[in-house]
Amino acid sequence: MKVTVLGYTEGFASNPDVSIYKNNELIGSVGKGGRVVLEIDEPCELVFKCSIRSTKCVVNSDTYVVLAFNRTTGSLTANLAASEQEAVQLVAKAKGSDNKRILWAIVFIVVALLFALLTGGL
């Protein structure tokens, strides 16, 4: 029985690895954009830890786990997918959400600068 874990795609100043635990035992790790295939002998709970962040999920055979960070809240999430195609869609969705956050941050900065220029703040 195998479980495939896909690493997060969000960019940070440093890109830490996420440690993977089963029954409090370290069984692997995955980094940004990485992929690791784990052998399991039965459905089980996996715990994912990165610094102070953690999340967990119950996995079955041939499950895909897509890890993601919410860059607004800092939380780590583990989303389950039944197929590689579904996992790829989850990764694309996470990338799209991250790109939208970056775009909105740029728009906010530009508007703030324009406001400051127009009101004589700069």
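**Strands, salt bridges and a surface patch in a predicted model**

With a relative accessible area of 36%, Glu 84 is classed as partly exposed. The model that places this residue is a predicted one. The side chain of Glu 84 meets that of Arg 35 in a salt bridge, with a distance of 2.9 Å from N to O. This contact ties together distant parts of the chain, since Arg 35 belongs to strand E4 and Glu 84 to helix H1, 49 residues apart. Arg 35, like its partner, falls into the partly exposed class, with a relative accessible area of 46%.

The structure holds 2 salt bridges, and the other one leads towards the sheet. Asp 41 pairs with Lys 22, and the closest N and O atoms of the two are 3.1 Å apart. Here too distant parts of the chain are linked: Asp 41 lies in the loop between strand E4 (35-39) and E5, whereas Lys 22 is in strand E2, 19 residues away. How do the two residues stand with respect to the surface, buried or exposed? Asp 41 reaches 58% relative accessibility and counts as exposed, because the cut-off for that class is over 50%. Lys 22 has a relative accessible area of 16% and is therefore buried, the limit for that class being under 20%. The bridge between Asp 41 and Lys 22 thus joins an exposed residue to a buried one.

Strand E2, which carries Lys 22, is part of an open sheet of 4 strands. The order of the strands is E3-E2-E5-E6, and their pairing is antiparallel. Strand E3 (25-30) and strand E6 (53-59) occupy the edges; each has a single partner strand, so one side of each is left without a neighbour in the sheet. On average, neighbouring strands in this sheet are turned by 25° against each other, direction ignored.

Within the sheet, E2 has a partner on either side, E3 and E5. Towards E5 (residues 44-50), strand E2 (residues 18-22) is joined by 4 bridges, and the two run antiparallel. Towards E3, the pairing is also antiparallel and extends over 5 bridges. Which residues are the bridge partners of Tyr 21 in E5 and in E3? In E5 the partner of Tyr 21 is Val 47, and in E3 it is Leu 26. Ile 20, for its part, stands opposite Phe 48 in E5.

The side chains of a regular strand alternate between the two faces of the sheet. In E2, one face is covered and consists of Val 18, Ile 20 and Lys 22, while the uncovered face consists of Ser 19 and Tyr 21. Lys 22, the residue paired with Asp 41, is thus listed on the covered face of the strand.

E2 and E3 form a hairpin with 2 residues between them. Asn 23 has its place in the loop between these strands, and its phi is positive, about 55°, although the residue is not a glycine. Asn 23 is exposed, with a relative accessible area of 68%. A second residue other than glycine with a positive phi is Asp 62, for which the value is near 60°. Asp 62 is found in the loop between E6 and E7 and is exposed as well, with a relative accessible area of 55%.

An aromatic contact is described next. A search of the whole structure finds 1 aromatic pair. The rings of Tyr 8 and Phe 69 have centres 4.9 Å apart and planes at 75°, so the pair is edge-to-face. The two residues come from distant parts of the chain, 61 residues apart: Tyr 8 is in the loop between strand E1 (2-6) and E2, and Phe 69 is in strand E7 (residues 63-69). Tyr 8 is buried, with a relative accessible area of 0%. Phe 69, at 5% relative accessibility, also counts as buried.

Helix H1, the element that holds Glu 84, spans residues 84-118 and includes Val 110. Val 110 belongs to a nonpolar patch on the surface, together with Ile 106, Leu 114, Leu 117 and Leu 118. The accessible area of these residues together is about 520 Å². Val 110 itself is partly exposed, with a relative accessible area of 41%.

Note on methods:
Residues numbered from 1 in each chain as written. Predicted model: local features only at pLDDT ≥ 70, side-chain atom pairs only at ≥ 80, totals over all residues. Heavy atoms only, no water. Pairing = 2+ DSSP bridges. Axes fitted to C-alpha atoms, helices over the stretch in contact; angles between N-to-C directions. Patch = residues over 30% accessible without salt bridge, like charges linked within 9 Å, V, L, I, M, F, W, Y side chains within 5 Å. Areas by Shrake-Rupley, 256 points an atom, 1.4 Å probe, with all protein chains shown as cover. Salt bridge = Lys/Arg side-chain N within 4 Å of Asp/Glu carboxyl O. Buried < 20%, exposed > 50% of the residue type's maximum accessible area, 1.4 Å probe, protein only. Phe/Tyr/Trp six-rings, centres within 6.5 Å; stacked < 30°, edge-to-face > 60°.
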